[in-house]
Amino acid sequence: MRIETIKLWEDRDDVELTMFLNLDDPFLKIKRKRPAIIAVPGGAYQTCPRHGHEGDPVALAFAIDGYQGFVLEYSNATKAPEGKALFPAQTIDMAKAVLTIKEHADEWDIDTKHISVVGFSAGSHVTAMYATTYNTVNKELLTEKFGCKVEDLDIMAALCIYGLHDYVLQEEFNAKVQNFMSDGKSNEPVFGSAHPDKETLKKYSPVENATTNMPPMFMAHATNDGLVPAMHTIRMAEKLQTIGVPYECHLFQYGDHGFALGRNVFEPFKDSLTHDAAVWLQMAKRFLQHMIDESTLEKEKNPFENLPF
C-alpha cells in the first residue's frame, strides 16, 4: 500500500489530502480501475483530526475492500490562517480534493465515475454541502473558482454519518440543551458571528439546498445523539424523499454522537464492546456496490401489482 500526504493549496499547510492506495499484486492482476472514497472527519470545525477514529481508520476500512482511500483535512479554526475557515472554504477544499483525485486517476488507478465521500459530524456537513452545491444553483462558486465543468466535480455518492443538515434546527437545539456549542463561539470561525441570522443559517444548511441534481445519499444516525440530534437526518431524508433523490437512511437506537466505525472509543479491540451502529459500514458498502455494479442489486418486485381484484 502506498501512503502519502499532499498539500492541496500551494500557500497553505493546513489543508491536506492523505491517500491510502492499494497496489496491484504481481500475481493477481485487477482487471478494472478501482473505486475511491474520501473520508472527512468531524471536529465541530474547531479541528479536523485525520488520525482520529473518523479519518485514517475509515479510509482503511474501505481500502481493505479494494477502494482507494483518502482523508481530507479541511479548513478549520485551529489550523487555518485567520479568516480562512469561513464558509464556504470547506466546500472549496472538497472540490479541490475531488479535482486532484481525478487529475491523478490514471496514476492512482481510480475509476473517476466511482468516487464517493463519507463524512462525520462537521465532516458530514462538509460532505452534504458539497453534494448540494456542485450541481445546483450555487455551482458557479466552484466552476468559476476552478474554471471547470460540473461533470469534473461530480461524485457518485455522499455518505453522511450523524450529519448536521439544518443549522436552524441546531441553533434551536443548542439554546435548549446546553453543550459546548451553545455559547456560539464555535460558530465564529465559520460564520463570522456567534449567532448568525436565520437566512445565513439556511444558506449553509444542506437540507435547504438539496435538489434533484445532487448525488444519491446514504445517512446513518443514532436517535440518542446528544449533540447533533437525529432530526437532522430525518429532515434530510424527508427532503430527499419529497424531491425524489435516491437515498438510504438508517437510524440506530444507541450510538450517541461520534460512533464512527462503531468500535468502542477506549477499547476498540474488544468485539464485545462494538456498538450496534457499527453495521452502517457494511450497509454503506452495499449501497455503493449497487451503484458500482448494478448486477449486484436484487430489486424486489411489487407483490400487489397484478391482484385479481
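This report describes a central strand, a surface patch and the salt bridges of a predicted model.

## Strand 4 and its surroundings

Strand 4 covers residues 68–73, and 6 of its 6 residues are buried, so the strand is largely enclosed by the rest of the structure. Its side chains alternate in direction: Gln68, Phe70 and Leu72 point one way, while Gly69, Val71 and Glu73 point the other way. Residues on both sides are buried.

Two neighbouring strands pair with strand 4. Strand 2 (residues 16–21) runs antiparallel to strand 4 and is joined to it by 5 bridges; Leu17 has Leu72 of strand 4 as its bridge partner. Strand 3 (residues 34–40) pairs with strand 4 in the parallel sense, over 4 bridges. Here the bridge partner of Ala39 is Val71 in strand 4. Between strand 3 and strand 4 the chain passes through helix 1 (residues 56–63), forming a right-handed β-α-β crossover.

## A nonpolar patch at the surface

Met1, Ile3 and Leu60 make a nonpolar surface patch of about 280 Å². Of these residues, Met1 belongs to the segment before strand 1 (2–7). Met1 has a relative accessible area of 48% and is therefore partly exposed, since only values over 50% count as exposed.

## Salt bridges

Side chains of opposite charge can pair when their charged atoms come close. In the whole structure, a search finds 13 salt bridges. One of them joins the side chains of Lys7 and Asp13, with an N to O distance of 3.8 Å. Lys7 is partly exposed at 45% relative accessibility, whereas Asp13 is exposed at 59%.

A salt bridge also connects Asp109 with Lys33, whose closest N and O atoms are 3.9 Å apart. This pair links distant parts of the chain, the two residues being 76 residues apart. Asp109 lies in the loop between helix 2 (89–103) and strand 5 (110–120), and Lys33 in the loop between strand 2 and strand 3. Asp109 counts as buried, at 19% relative accessibility, while Lys33 counts as partly exposed, at 37%.

Strand 4 also takes part in this kind of contact through Glu73. The side chains of Glu73 and Lys79 meet in a salt bridge of 3.9 Å, N to O. Glu73 is buried, with a relative accessible area of 7%, but Lys79 is exposed at 52% relative accessibility. Elsewhere, salt bridges with shared partners join Asp24, Lys33, Arg34, Asp106 and Asp109 into one network.

Notes. Residues numbered from 1 in each chain as written. Predicted model: local features only at pLDDT ≥ 70, side-chain atom pairs only at ≥ 80, totals over all residues. Heavy atoms only, no water. Buried < 20%, exposed > 50% of the residue type's maximum accessible area, 1.4 Å probe, protein only. Pairing = 2+ DSSP bridges. Right-handed = clockwise from strand over helix to strand, strands pointing away. Patch = residues over 30% accessible without salt bridge, like charges linked within 9 Å, V, L, I, M, F, W, Y side chains within 5 Å. Areas by Shrake-Rupley, 256 points an atom, 1.4 Å probe, with all protein chains shown as cover. Salt bridge = Lys/Arg side-chain N within 4 Å of Asp/Glu carboxyl O.
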